[in-house]
Amino acid sequence: KKTNAPSPQQQRQEQPPPPSTTTQELAPSNSVLGIIQQRKLAKKAKQEKEDALKKAQEEARWEGIPAWKRKVIEAKEAKKMEETKKERATEQEAVNRMEEIKNMPAWKRDLLMKKTGGDFV
C-alpha cells in the first residue's frame with residue numbers, strides 16, 4: 001500500500017525557515033525607519049569589528065611576555081598616561097582661553113591687556 005503522506009524529507013523542505021529578526025522583517029527597506037535601522041546595525045557591526053581588531057592587536061602585543069612583567073609595564077604606562085593627561089588638560093585650557101580672548105571685542109581685549117599687563121593666561 002502506498003500512502004499519500006509526505007516523507008520526512010519532504011516535510012523538512014516544505015517547512016518555512018525559522019523566523020529571524022532581520023532589518024527587512026522589522027521595517028521595509030525603502031522606509032525611513034528601515035534605513036535608520038540598517039544604519040544602526042551597520043554602525044554596530046563596524047564597532048564590533050573594530051573592537052575585535054583592537055583586542056587582537058592587544059593580545060599580539062603581549063604575546064610571549066610573562067604576566068608579572070605585563071602588569072609592571074601596564075602600571076608604568078598608566079602612570080605616564082596620567083602625567084600626560086594633566087599636561088594636555090593644562091594646554092587645552094590655555095588654548096581655550098586664547099580662543100576666548102581672540103573672539104572678544106577689541107575694546108574688551110584691550111581692557112584685559114591693560115589690567116593683566118599682557119598676560120592673558
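Two residues are counted as being in contact when heavy atoms of the one lie within 4.5 Å of heavy atoms of the other. By this criterion, and with residues up to four places away in sequence left out of account, Arg 70 touches Glu 59, Trp 62 and Ile 65 in the predicted model described here. Arg 70 itself is placed in helix H4, and its relative accessible area of 25% puts it in the partly exposed class, because that class covers the range between the under 20% of buried residues and the over 50% of exposed ones.

The fold in which these contacts are set consists of helices, the secondary structure of the protein chain coming to 5 helices and 0 strands. Read from the N terminus on, the order of elements is accordingly α-α-α-α-α. Of the 121 residues in the protein chain, 7% are buried, and the accessible surface amounts to about 11500 Å², with carbon and sulfur atoms contributing 56% of that area. When the contacts with a separation of 6 or more are considered, residues 24 or more positions apart account for 3% of them.

Salt bridges were examined next, and the structure was found to hold 4 of them. One of these joins the side chains of Glu 77 and Arg 61, with an N to O distance of 2.2 Å. This pair links distant parts of the chain, since Glu 77 belongs to helix H4 (residues 67–102) whereas Arg 61 belongs to helix H3, the two residues being 16 positions apart. Both partners fall into the partly exposed class, Glu 77 because its relative accessibility is 32% and Arg 61 because its relative accessibility is 41%.

Arg 70, introduced above through its contacts, also takes part in a salt bridge, its partner being Glu 74, and the closest N and O atoms of the two residues are 3.3 Å apart. In contrast to a link between two helices, Glu 74 and Arg 70 both lie in helix H4, where a spacing of 4 residues corresponds to about one turn of the helix. Glu 74 has a relative accessibility of 32% and is therefore classed as partly exposed, as is Arg 70 with its 25%.

Further along helix H4, the side chains of Glu 100 and Arg 97 meet in a salt bridge with an N to O distance of 3.1 Å. Because these two residues are 3 positions apart in helix H4, about one helical turn separates them. Glu 100, at 45% relative accessibility, counts as partly exposed, and so does Arg 97, for which the corresponding value is 24%. Beyond the individual pairs, salt bridges that share partners join Glu 58, Arg 61 and Glu 77 into one network.

Charged and nonpolar groups also form patches on the surface. A negative surface patch is made up of Glu 82, Glu 83, Glu 87 and Glu 91. Among these residues, Glu 82 lies in helix H4, and with a relative accessible area of 42% it is assigned to the partly exposed class. A nonpolar patch, in turn, is formed on the surface by Val 32, Leu 33 and Ile 36, which together present about 310 Å² of accessible area. Val 32 lies in helix H3, which spans residues 32–61, and its relative accessibility of 60% makes it an exposed residue, because the exposed class begins over 50%.

A contrasting environment is provided by Ile 101, which is found in helix H4. With a relative accessible area of 3%, Ile 101 is buried, because this value lies under the 20% that bounds the buried class. The C-alpha atom of Ile 101 is separated by 8.9 Å from that of Leu 112, a residue 11 positions away along the chain. Helix H4 thus holds the buried Ile 101 together with the partly exposed Glu 82 of the negative patch.

How values were computed. Residues numbered from 1 in each chain as written. Predicted model: local features only at pLDDT ≥ 70, side-chain atom pairs only at ≥ 80, totals over all residues. Heavy atoms only, no water. Patch = residues over 30% accessible without salt bridge, like charges linked within 9 Å, V, L, I, M, F, W, Y side chains within 5 Å. Areas by Shrake-Rupley, 256 points an atom, 1.4 Å probe, with all protein chains shown as cover. Buried < 20%, exposed > 50% of the residue type's maximum accessible area, 1.4 Å probe, protein only. Lys, Arg positive; Asp, Glu negative; His and termini not counted. Charge placed at Lys NZ, Arg CZ, Asp CG, Glu CD.
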